[in-house]
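Got the viewer open? Here is a walk through the model, one selection at a time.

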Amino acid sequence: FVAALRLRDLLETKLEFANLVAADLTDLFTSLVRDPAAFQQRARMFDLFRYDASAEFTPQAIAAARRWMRVTTVLTRYESIACINRHDFGNSRRLVDIGGNSGEFALQVCRRFPQIHATVFDLPVVCEVGRSHVAGQPGGDRIEFIAGDARTDELPRGFDVVLFKSMLHDWPDEDARVLLKRGWDSLAPGGELLIFERAPLELARPVPFSLLPMLLLFRSFRTPSLYVETLASLGCGRISTQRIELETPFFLVKAERD
């Protein structure tokens with residue numbers, strides 16, 4: 001128990017998240033299988049993650065964003081370690097995390113690599129909550145937040161690293177391609193674009209209760225093929241894909257720009 005308590009924030013977050021959406025499986029299972037649109041309209045899962053409510057500043061929007069961002073922040077705190085251990089940020093100076101949420105991934109990178117200055121590009125309310133999250137934390141003074149819609153608003157350019165972490169799966173194929181194109185255009189020559197995402201779930205073994213939220217999102221998780229094909233169409237000739245086994249399978253796609 002002493003060892004487990006080092007992960008108390010992760011354990012409590014997973015239990016809280018799974019308890020919140022358990023009724024989606026028990027009460028809406030038929031819709032989950034037969035009618036994804038109806039399931040999305042009624043499920044507590046999608047009522048929690050209301051990205052469309054994060055564009056305008058209201059007390060309600062900020063409170064709602066804090067609620068779901070607490071979940072994504074804690075998951076990122078631990079998932080990011082696997083990515084950072086597999087990519088050398090030692091020669092990088094400028095990183096942008098598109099859809100970077102609370103800035104937790106950027107914070108983990110800045111703590112380990114003191115030469116990096118990071119930018120988080122996300123929706124206005126998300127950026128406001130993110131600024132308060134990184135304020136006063138080691139490395140937080142090297143993180144800036146820029147508010148906007150990554151699909152339509154102008155992105156800053158000239159970065160050594162452009163990162164998409166657990167973001168592209170939220171969007172249909174065409175939107176994901178647009179986001180990758182815009183991220184690629186933000187990359188400086190010699191820089192790398194990174195995609196760190198969950199792979200499709202494999203249900204050959206029993207699914208623990210803690211993974212119930214991911215089970216409800218089973219349609220969202222893609223193989224790397226769409227991302228690799230899109231990057232190749234943008235002219236990238238050096239693309240690598242690495243599979244990473246965490247609580248669910250992840251993959252890390254790296255694409256280098258000439």
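Start by selecting serine 166, which sits in the loop between β4 and α8. Keep in mind that this is a predicted model. Check the backbone here: Ser166 has a positive phi of about 50 degrees, although it is not a glycine.

From that loop, go on to helix α8, residues 173–185. Show it together with β1, β4, β5 and β7 (249–256), since α8 lies across these strands. Relative to β5, the helix runs at about 145 degrees.

Now step back and colour the strands. In what order do the seven strands form the open sheet? Reading across, you get β3-β2-β1-β4-β5-β7-β6, with mixed pairing. Look at the two edges next: β3 (143–147) and β6 (238–245) each have a single partner strand, so one side of each has no neighbour in the sheet. On average, neighbouring strands are turned by 20 degrees against each other, ignoring direction.

Select β1, residues 94–98. Four of its five residues are buried, so the strand is largely enclosed by the rest of the structure. To one partner, β2 (residues 117–122), β1 pairs in the parallel sense over five bridges. Follow the chain between these two: from β1 it goes through helix α6 (residues 104–112) to β2, a β-α-β crossover that is right-handed. With β4 (residues 159–165), β1 also pairs in the parallel sense, over three bridges.

Leucine 95 is a handy residue to pick for seeing both pairings. Its bridge partner in β2 is alanine 118, while valine 161 stands opposite Leu95 in β4. Keep Val161 selected and carry on across the sheet: glutamate 192 in β5 stands opposite Val161. The strands involved, β4 and β5 (residues 187–198), pair in the parallel sense over six bridges.

Turn the other way, towards β3. Here β2 and β3 run parallel and are joined by five bridges. Pick valine 120 and you will find phenylalanine 145 of β3 opposite. Add helix α7 (residues 124–134) to the selection: β2, α7 and β3 make a right-handed β-α-β unit.

Return to the loop between β1 and α6 and select asparagine 101. Is Asn101 buried or exposed? At 14% relative accessibility, it counts as buried, because the cut-off for that is under 20%. Asn101 also has a positive phi, about 65 degrees, although it is not a glycine.

Side chains next. Show arginine 94 with phenylalanine 159: Arg94 lies over the face of the Phe159 ring, 4.2 Å from the ring centre.

Last stop, the aromatics. How many aromatic pairs does a search of the whole structure find? The count is eight. One of them joins phenylalanine 39 and phenylalanine 46 edge-to-face, at 6.1 Å centre to centre and 90 degrees between the planes. Switch on a surface for these two: Phe39 is buried, with a relative accessible area of 3%, whereas Phe46 is partly exposed, at 23%. Then select Phe17, Phe49, Tyr51 and Trp68, which ring pairs link into a cluster.

Terms used: Residues are numbered from 1 along each chain as its sequence is written. This is a predicted model: local features need pLDDT of at least 70, side-chain atom pairs count only at pLDDT 80 or more; totals for chains, interfaces and linings use all residues. Side-chain values use heavy atoms; hydrogens and water are left out. Rings of Phe, Tyr and Trp (its six-membered ring) pair if their centres lie within 6.5 Å; planes under 30 degrees apart count as stacked, over 60 as edge-to-face and the rest as tilted. Buried means under 20% relative accessible area, exposed over 50%, partly exposed in between (1.4 Å probe, protein chains only). A charge sits over a ring if NZ of Lys or CZ of Arg is within 6 Å of the ring centre and within 35 degrees of the ring normal. Two strands pair if DSSP finds at least two bridges between them. A crossover is right-handed if, with the strands pointing away from the viewer, the path from the first strand over the helix to the second runs clockwise. Axes are lines fitted to C-alpha atoms, for helices over the stretch in contact, and angles run from 0 to 180 degrees between N-to-C directions. Contact means heavy atoms within 4.5 Å.
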